[in-house]
Every structure is written in C-alpha cells, then in structure tokens.
Amino acid sequence: MASTLFSSGTVVASTWLNDADTSTYTQLAAVAGTNTITATGPLSLTSVTLGDKFFFMPAVTNTGAVTINISALGVQPITKKGSTNLVAGDLVAGTQALIVYDGSLFQLINPQTFSLDGVVPIANGGTGAST
C-alpha cells in the first residue's frame, strides 16, 4: 500500500534552504558589542516585523541602555516593560537573551536583573516600604 503522507516531487535546494532559514532560524550569530550590539540574522532577513523573535548570546554583560542592529537593517533600542531602558546586567555574557519586536523597538523578555515594582507587605516578607 502506498503511503499518502509523502508524495514524489523535486526538492529545489534554494527554496528548501530559504524555508528552513525563515521558519526555524531565530538564533542570531556574530553577536558583538556591549551596549551597541551588532548581530547577524537569517540570510533571507530583509526587515523586522511585529512579533519577530530572536535569541542571542550577549558577548559582554551590558552596562546601561542597549541598542541592536541585526543584519545591518538599522539600529533599534532594546527595552523592557514597554519603553524602560535596560540597566546594567540585564544582558549577561553567556546567558541566552530573547527579544521580540513590538513594531517600533525590541522588548527583552528575560532581563537578568530583578526589581520590585511597588510595596511588598511585611506579611509577604517585605518591609512594607517602597524603597
């Protein structure tokens, strides 16, 4: 009995490579810089659009606000919690970072620093103060 899961045909290498490149590639390569990062994306990347996601391994831990230029497409800020600039240590060398393009800038999904927003009640282990 013939399989219906596969059909015969011709695989065109350039088409297959482009499909594989655009559907599965999210890891940036050749990452360089501390606060002004450059990186290389997929060969077929000609622009970034809403929802594009990229993983990268920072070469150096950042020391302040950060921008990224992927495949020489233009410098874009990387922020967290909306438009809040990154602070020192949000990107740590050797730790995967995930950024998502929100239509105007990249949002860092996993900053490595931690800050409390608001007051932690004493009953929950806080001091009851906002500082």
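Two aromatic pairs turn up in a search of the whole structure, which is a predicted model. In one pair, Phe 54 and Phe 106 have ring centres 6.1 Å apart and planes at 70°. An angle over 60 degrees counts as edge-to-face, so that is the label this pair gets. Phe 54 sits in strand β3 and Phe 106 in strand β8, so the contact ties together parts that are 52 residues apart in sequence. Both Phe 54 and Phe 106 are buried. Add Tyr 101 to these two phenylalanines and the result is one aromatic cluster.

Next comes the nonpolar core. The largest one has 18 residues, and Phe 56, Ile 68, Ile 78 and Ile 99 are the members that touch the most others. Several strands chip in: β2, β3 (53-56), β4, β7 (97-101) and β8 (106-108) each supply at least two residues of this core. Such grouping fits a familiar pattern, as nonpolar side chains tend to be buried together in soluble globular proteins.

Ile 99 is worth a look of its own. Leaving aside residues up to four places away in sequence, Ile 99 touches Asp 52, Lys 53, Phe 54 and Phe 56, along with Ile 68, Ile 70, Ile 78, Phe 106, Gln 107 and Leu 108. Both partners of the edge-to-face pair, Phe 54 and Phe 106, are thus among the contacts of Ile 99.

Strand β4 (residues 66-70) is mostly covered, with four of its five residues buried. On one side of the pairing scheme, β4 runs parallel to strand β2 (residues 36-40) over four bridges, and Thr 38 has Asn 69 as its bridge partner in β4. Strand β4 also pairs with strand β5 (residues 75-80), this time in the antiparallel sense and again over four bridges. Asn 69 turns up here too, with Val 75 as its bridge partner in β5. The hairpin of β4 and β5 has four residues between the strands, and Ser 71 takes a positive phi near 55° there.

As for charged pairs, the structure holds one salt bridge. Asp 90 and Lys 80 form it, and their closest N and O atoms are 2.9 Å apart. Lys 80 belongs to strand β5, whereas Asp 90 lies in the loop between β6 (84-85) and β7, so the pair ties together parts that are 10 residues apart in sequence. Charged or not, Asp 90 and Lys 80 are both buried.

Methods:
Residues are numbered from 1 along each chain as its sequence is written. This is a predicted model: local features need pLDDT of at least 70, side-chain atom pairs count only at pLDDT 80 or more; totals for chains, interfaces and linings use all residues. Side-chain values use heavy atoms; hydrogens and water are left out. Buried means under 20% relative accessible area, exposed over 50%, partly exposed in between (1.4 Å probe, protein chains only). Two strands pair if DSSP finds at least two bridges between them. A nonpolar core is a set of buried Ala, Val, Leu, Ile, Met, Phe, Trp, Tyr and Cys residues joined through side-chain atoms within 4.5 Å. Contact means heavy atoms within 4.5 Å. A salt bridge is a side-chain nitrogen of Lys or Arg within 4 Å of a carboxyl oxygen of Asp or Glu. Rings of Phe, Tyr and Trp (its six-membered ring) pair if their centres lie within 6.5 Å; planes under 30 degrees apart count as stacked, over 60 as edge-to-face and the rest as tilted.
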